[in-house]
Amino acid sequence: MTPQTPLTQEIISAEIAQARQAYAKAVEGGEPRRDHPDRGYAPYRSSVLRHPEQPLVALDDPDAVELSGPVFGVTDVTALDADLTRQHLGEPLGERIMVTGRVLGRDGRPVRGQLVEVWQANASGRYAHQRDQHPAPLDPNFTGVGRCLTDDQGRYAFTTIKPGAYPWRNHDNAWRPAHIHFSLFGTAFAQRLVTQMYFPGDPLFDHDPIMQSVTDDAARSRLVAAYDHDLSTPEWSLGYRWDIVLSGPAATWIEEGR
Ligand SMILES: [Fe+2]
């Protein structure tokens, strides 16, 4: 048996560059810009194995989905749900941050009363989840999930700690840049959007096939929050701003099929 050649970052980075060049060439040749990644993006290995291969089935009656889906009302979501630093007896370790922004429709109008859910790793880059067994410490004071409803201006806000980078097994020495997962429910269940927010200036961006699966530079840059000094609170927390556009030319990338 010959030993398997390790799948190195160099190989993955070369594939990322190749996909980016192919996209640039296609756009130059007149093909439309794509805000969303291909369902099967080779450098993100498992995406190739688990994306739908059949044409998607259109929901003829989206309202019917509502009959079997979970429901929530304004009374189910409390202010405490949006503060991930106050869910336990003590405070979590890490850099306290506030993440806020607006949820907008394609016309730039605020989307009000939208359920926004987040989940993230702790400051050490470990999820409080049984599937995450990598040797970074769990934090007994941090679960890493939160939710809120957007206000009349379409605004959401979370208090949390900055998540750490973490390893994954896409390839040898693969690390994900720090990120927060976001899920938004539209006015109907079938409009759900799942995406990820990143932090500015992270040195892992270029190495990460999940982020790079958004091959369009402008679309990818919209996944990165902006540090906003006015949102930082003296002696307390740093502030980040990230707007989410649900559809249209400035749309935030959606993880399809979720
Ligand atoms: Fe993650």
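Residues 24 or more positions apart make up 71% of the contacts in the protein chain with a separation of 6 or more, where a contact means two C-beta atoms, placed from the backbone, within 7 Å. Bear in mind that this is a predicted model: local features need pLDDT of at least 70, side-chain atom pairs count only at pLDDT 80 or more, and totals for chains, interfaces and linings use all residues. Numbering runs from 1 along each chain as its sequence is written.

**Overall build**

- The protein chain holds five helices and 11 strands; these are DSSP runs numbered from the N terminus, with helices being H or I of at least four residues and strands being E of at least two.
- Its radius of gyration is 19 Å, close to the 18 Å that the globule rule gives for 258 residues, so the chain is as compact as a globular protein of that length. For reference, that radius is taken over C-alpha atoms, and the rule is 2.2 Å times the number of residues to the power 0.38.
- Measured out along the principal axes, the C-alpha atoms fill a box of roughly 55 × 45 × 40 Å.
- Of the 258 residues, 26% count as buried. Buried here means 20 or more other C-beta atoms within 10 Å of a residue's own, exposed means 12 or fewer, and partly exposed is in between, with C-beta atoms placed from the backbone.

**The four-stranded open sheet**

- One open sheet has four strands in the order 3-2-7-8, with antiparallel pairing; two strands pair if DSSP finds at least two bridges between them.
- Strand 3 (145-149) and strand 8 (193-198) sit at the edges with a single partner strand each, so one side of each has no neighbour in the sheet.
- From one strand to the next, the twist averages 25°. The axes behind that angle are lines fitted to C-alpha atoms (for helices, over the stretch in contact), and angles run from 0 to 180 degrees between N-to-C directions.
- Strand 2 (residues 115-119) runs antiparallel to strand 3, and five bridges join them. Across that pairing, Glu 117 stands opposite Arg 147, and Leu 115 stands opposite Leu 149.

**A closer look at strand 3**

- In a regular strand the side chains alternate between the two faces of the sheet.
- Gly 146 and Cys 148 make up the covered face of strand 3, while Val 145, Arg 147 and Leu 149 are on the uncovered one.
- Val 145 is partly exposed, with 16 other C-beta atoms within 10 Å.
- Leaving aside neighbours within four places in sequence, Val 145 is in contact with Val 118 and Trp 119.
- Val 145 and Gln 87 are 58 residues apart along the chain, yet their C-alpha atoms are separated by 9.4 Å.

**Strand 1 and its partners**

- Strand 1 (residues 96-104) pairs antiparallel with strand 4 (residues 155-161) over seven bridges; Gly 101 has Tyr 156 as its bridge partner there.
- With strand 10 (residues 238-241), strand 1 pairs in the parallel sense over four bridges, and Ile 97 is partnered with Leu 238.
- Strand 11 (residues 244-245) also runs parallel to strand 1, joined by two bridges. Val 103 has Ile 244 as its bridge partner in strand 11.

**The nonpolar core**

- The largest nonpolar core has 28 residues, and those with the most contacts inside it are Val 99, Val 103 and Ala 225. Such a core is a set of buried Ala, Val, Leu, Ile, Met, Phe, Trp, Tyr and Cys residues joined through C-beta atoms within 7 Å.
- At least two residues of this core come from each of strand 1, strand 2, strand 4, strand 7 (179-185) and strand 8. Strand 1 gives the most, with four residues.
- Ala 225 touches Val 99, Met 197, Tyr 198, Phe 199, Pro 200, Tyr 240, Arg 241 and Trp 242, not counting residues up to four places away in sequence.

**Helices 1 and 4**

- Helix 1 (residues 9-28) has 20 residues, which at 1.5 Å a residue should span 28 Å, and its end C-alpha atoms are indeed 28 Å apart. The expected span is 1.5 Å times one less than the number of residues.
- After helix 1 comes Gly 30, with a positive phi near 100°.
- Gln 212 is found in helix 4 (residues 209-212) and counts as buried, with 22 C-beta neighbours inside 10 Å.
- Beyond its neighbours within four places in sequence, Gln 212 is in contact with Ile 16 and Pro 43.
- Gln 212 and Tyr 41 lie 171 residues apart in sequence and 9.3 Å apart in space, C-alpha to C-alpha.
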